[in-house]
Amino acid sequence: MAIALLPAAAPLIAPAPAPAAELKQIQKRGRLIVAVKDNVRPLGFTDATGKLQGLEIDIARRLAEELLGSPDAVELRPVANQDRLSVVLDGKVDITLARVTATESRSRLVDFSIPYYMDGTGFVTKDPSVRRLEDVGRSAIATLNNSDTIANVKYFLPNAKLVGADSYEAGRALIDSGGAGAFAADASVLAGWVQEYPEYRILPVLLTAEPLCAVMPKGLQHAELRLRVNLAIGRWKKEGWLQERIKYWGLPVPQE
């Protein structure tokens with residue numbers, strides 16, 4: 001009689017996550033599986049022809065060339081923000097390149113590459129008189145409601161008046177109507193803003209430094225993959241390829 005209870009109890013045991021592939025397994029498979037964004041211009045987005053484009057897409061293809069000998073040996077899988085780490089943890093992808101900022105809490109779960117881009121809180125405006133950080137606080141600053149940007153702006157511009165917006169479109173409407181003189185958000189997102197609305201421009205100043213990195217699995221068995229990725233990104237920086245692609249995609253680089 002007790003045996004009859006076993007099938008009912010079995011579903012209570014959660015299946016173990018799929019192990020992430022080691023480099024030799026990736027090479028045997030013949031393709032690199034990378035999680036990317038498909039809606040964050042210019043890092044990763046779908047263009048008018050339905051093709052994935054952007055800085056992170058370029059990096060994914062270049063990594064495939066480094067590891068497998070061909071930029072076409074890559075499978076790009078669009079991912080939601082909340083799944084960017086879990087797809088690596090569950091072994092569904094080899095690497096995530098999807099606008100992930102390296103943080104201490106995240107590093108307890110996954111490993112990060114060296115940064116390929118230094119993001120941060122920036123400002124977009126269409127007011128020609130706003131040139132420097134000191135100019136921004138002369139009028140109200142729009143920010144997304146409940147975003148981390150609010151704390152960053154308050155820290156560096158404590159006397160600035162902030163106006164909340166529920167979306168980027170609402171923030172643009174505030175500027176167009178004169179309700180705000182600038183919009184504060186991540187510079188990588190604002191780069192897409194000015195590409196869509198060229199009457200705007202990004203100020204050459206970032207309030208914070210937030211490293212965007214490739215997400216990779218932890219574990220000694222993945223040490224070779226992490227080493228090869230880090231060596232590649234480091235070499236691209238020295239050779240100027242990475243800087244050229246950053247410039248090509250219109251991502252802001254703060255002035256020294």
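**View 1. Surroundings of helix α9 in the predicted model.** The cover over the buried residues of α9 includes strands β8 (117–119), β9 (121–125), β12 (182–186) and β13 (201–202), together with helix α8 (168–176). The model shown in this and the following views is predicted. Helix α9 spans residues 187–196 and is mostly covered, with eight of its ten residues buried. These are Ala 187, Ser 188, Val 189, Leu 190, Ala 191, Gly 192, Trp 193 and Val 194. The helix lies across β9, β12 and β13, and runs at about 130 degrees to β12.

**View 2. The loop after α9, with Pro 198.** Pro 198 belongs to the loop that links α9 to β13. Pro 198 counts as exposed because its relative accessibility is 64%, and the cut-off for exposed is over 50%. Lys 126 is 72 residues from Pro 198 along the chain, and the C-alpha atoms of the two are separated by 9.1 Å.

**View 3. The five-stranded sheet.** The strands are arranged in the order β11-β10-β12-β9-β13, forming an open sheet with mixed pairing. At the edges are β11 (162–165) and β13, each of which pairs on one side only. Helix α9 lies across three strands, β9, β12 and β13.

**View 4. Strand β10 and its pairing with β11.** Strand β10 covers residues 141–144 and runs parallel to β11, to which four bridges join it. Two positions illustrate the register: Ala 142 has Val 163 as its bridge partner in β11, and Thr 143 stands opposite Gly 164. The side chains of β10 divide into two sets, with Ile 141 and Thr 143 pointing one way and Ala 142 and Leu 144 the other way. All four of these residues are buried.

**View 5. Packing of helices α3 and α11.** Helix α3 (residues 55–68) packs against helix α11 (residues 241–248) at an angle of about 150 degrees, and their axes are 9 Å apart. The two helices are therefore roughly antiparallel to each other, since angles over 145 degrees fall in that class. Their crossing is right-handed. On the α3 side the contact involves Leu 55, Asp 58, Ile 59 and Arg 62, which meet Trp 241, Leu 242, Arg 245 and Ile 246 of α11. By class, the residues in this contact are five nonpolar and three charged, with no polar ones.

**View 6. Ala 21 and its contacts.** Ala 21 sits in the loop between α1 (6–9) and α2 (23–29). Ala 21 counts as buried because its relative accessible area is 13%, and the cut-off for buried is under 20%. Leaving out residues up to four places away in sequence, Ala 21 touches Ile 26, Arg 29, Asp 94 and His 222. The C-alpha atom of Ala 21 is separated by 8.3 Å from that of Val 93, a residue 72 positions away along the chain.

**View 7. The whole chain, for orientation.** The secondary structure of the protein consists of eleven helices and 15 strands. Its C-alpha atoms fill a box of roughly 75 × 55 × 35 Å along the principal axes. The protein has 256 residues, of which 46% count as buried. Among contacts with a separation of 6 or more, 70% are between residues 24 or more positions apart.

How values were computed:
Residues numbered from 1 in each chain as written. Predicted model: local features only at pLDDT ≥ 70, side-chain atom pairs only at ≥ 80, totals over all residues. Heavy atoms only, no water. Buried < 20%, exposed > 50% of the residue type's maximum accessible area, 1.4 Å probe, protein only. Contact = heavy atoms within 4.5 Å. Axes fitted to C-alpha atoms, helices over the stretch in contact; angles between N-to-C directions. Parallel < 35°, antiparallel > 145°, perpendicular 65-115°, else oblique. Left-handed = near helix turned anticlockwise from the far one by under 90°. Nonpolar A, V, L, I, M, F, W, Y, C, P; charged D, E, K, R; others polar. Pairing = 2+ DSSP bridges.
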